[in-house]
Amino acid sequence: MLLSSEDAFKTQRKAEPSINHLYFYSNSMKELAESVQRYTSGFSRIATCDWSCFEDGFPNITLDVKNLPGRHVVFFADLCNPADMFEQVSVLYALPRYFCKSLTVMLPFFPTGTMERVETEGQVATAHTLARILSGIPLSCEGPAKLVIYDIHTLQNRFYFGDYAVPVLETAMTELKKILALNHTGEELAIAFPDDGAYKRFSKLLKDDKIQHVVCAKVRDGDTRKVTIKDGDCKGKHVFIVDDLVRTGGTLKECRRACREAGAIKVSCFVTHAVFPPDEKTNTPTWTNFLPAQEEANGDKAFDVFYVTDSCPTMTKQLSGNKPFHVISLASSIANVISSSTRHMN
């Protein structure tokens with residue numbers, strides 16, 4: 001006997017009564033999505049997506065949609081590479097049309113967040129552009145898409161999104177607190193912020209009566225600008241420099257120098273987003289400048305530990321296994337976000 005589409009839907013839901021979340025992912029987000037699914041296996045499963053291309057290079061995408069109606073969908077997005085953006089946006093625009101109950105976009109890194117304002121006439125604030133593109137995602141059955149973003153560069157970016165996208169701003173600083181508690185007990189610690197902006201952004205999240213806060217600042221020294229300690233004490237401490245992202249890492253190195261000159265016995269780093277674009281002149285990976293051998297060749301001493309998260313998965317795969325880098329997964333944090341959202345839905 002042939003079943004109607006309604007009967008088939010009811011039969012399928014009876015067969016998997018507890019599975020109400022489907023996880024789709026871009027190619028680079030496969031490992032993170034699968035890790036999150038292991039944390040949330042009681043109510044979720046991985047859904048497949050074929051990311052084929054036509055001969056001309058344009059995407060020929062096929063989604064597994066047979067179990068999609070009435071389910072909460074989570075899409076793990078990686079927009080670090082502009083070449084991958086169109087295909088992922090195409091999927092995000094398509095998913096609500098298959099009657100998903102809700103759509104959550106896990107976008108750990110909002111890549112244009114640093115270009116959020118115009119300082120000279122003619123500049124384009126691409127943070128606004130990307131926010132508008134994501135705000136075009138159609139409504140799902142329960143309303144606008146939720147965009148989960150970790151440590152967005154400036155909180156003001158949230159106001160660029162329209163009514164069809166709700167930014168949910170999360171932080172990886174909770175992961176840093178876990179690291180300090182698990183791996184650095186018994187040490188006298190300090191947390192250094194590269195500038196006032198980082199201090200205002202993260203100091204409240206990292207407040208601890210036992211940990212000194214140090215604020216750095218750039219001051220003019222003749223024709224050059226030099227990073228100095230503006231406030232706080234590094235002497236005899238293991239100092240952790242904290243920031244939202246790293247590109248070339250020049251500021252982090254300057255902060256490290258200032259902390260060591262102020263008496264720090266160890267200097268480590270925690271950065272949420274490891275971007276590390278290629279060097280503009282040599283096209284070599286900029287992260288290699290932080291390897292101990294390269295630091296020594298430049299007459300410097302490497303960070304004791306350089307913690308990053310897997311928010312930029314293509315880059316962190318290169319960093320894994322290379323000292324001083326240590327990659328911290330956001331999987332448990334993301335699983336908590338999804339689980340918390342599920343409780344609210346119920």
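# A tour of the folded chain

Let's start at Trp-287, which is buried because its relative accessible area is just 9%; buried means under 20%, exposed means over 50%, and partly exposed lies in between (1.4 Å probe, protein chains only). The structure is a predicted model, in which local features need pLDDT of at least 70 and side-chain atom pairs count only at pLDDT 80 or more, while totals for chains, interfaces and linings use all residues. Residues are numbered from 1 along each chain as its sequence is written, and side-chain values use heavy atoms, leaving out hydrogens and water.

**Aromatic rings**

The structure holds 15 aromatic pairs. Rings of Phe, Tyr and Trp (its six-membered ring) pair if their centres lie within 6.5 Å; planes under 30 degrees apart are called stacked, over 60 edge-to-face, and the rest tilted. Phe-240 and Tyr-307 make a stacked pair, with 6.4 Å from centre to centre and 20 degrees between the planes. This pair joins distant parts of the chain, 67 residues apart: Phe-240 belongs to strand β12 (residues 238-246) and Tyr-307 to strand β14 (residues 306-309). Helices (H or I, at least four residues) and strands (E, at least two) are DSSP runs, numbered from the N terminus. Both Phe-240 and Tyr-307 are buried.

Trp-287 has a ring partner too: its ring and that of Phe-325 have centres 6.2 Å apart and planes at 80 degrees, so the pair is edge-to-face. Because Trp-287 sits in the loop between β13 and α8 (292-297) and Phe-325 in strand β15 (residues 325-328), the pair ties together parts that are 38 residues apart in sequence. Phe-325 is buried as well, with a relative accessible area of 8%. Ring pairs link both residues with Phe-276, Phe-290, Phe-303 and Phe-306 into a cluster.

Two rings of this cluster also have a charge over them. That label applies if NZ of Lys or CZ of Arg is within 6 Å of the ring centre and within 35 degrees of the ring normal.

| Charged residue | Ring | Distance to ring centre |
|---|---|---|
| Lys-253 | Phe-290 | 4.9 Å |
| Arg-256 | Phe-303 | 4.7 Å |

**Strands β9 and β13**

Five of the five residues of strand β9 (residues 189-193) are buried, so β9 is largely enclosed by the rest of the structure. Leu-189, Ile-191 and Phe-193 cover one side, with Ala-190 and Ala-192 on the other. In a regular strand the side chains alternate between the two faces of the sheet. Four bridges join β9 to β12, and the two run parallel; two strands pair if DSSP finds at least two bridges between them. Leu-189 has His-238 as its bridge partner in β12.

His-238 also touches Ser-268, whose other contacts (heavy atoms within 4.5 Å) include Phe-240 and Phe-303, not counting residues up to four places away in sequence. Ser-268 is found in strand β13 (residues 266-274) and is buried, with a relative accessible area of 0%.

**An open parallel sheet**

Six strands form an open sheet in the order β2-β1-β5-β6-β7-β8, with parallel pairing. Its edge strands, β2 (44-46) and β8 (165-170), each pair on one side only. Strands of a sheet pair through backbone hydrogen bonds, either parallel or antiparallel. Three bridges join β6 (residues 102-106) to β7 (residues 145-150), and Thr-104 stands opposite Lys-146 in β7.
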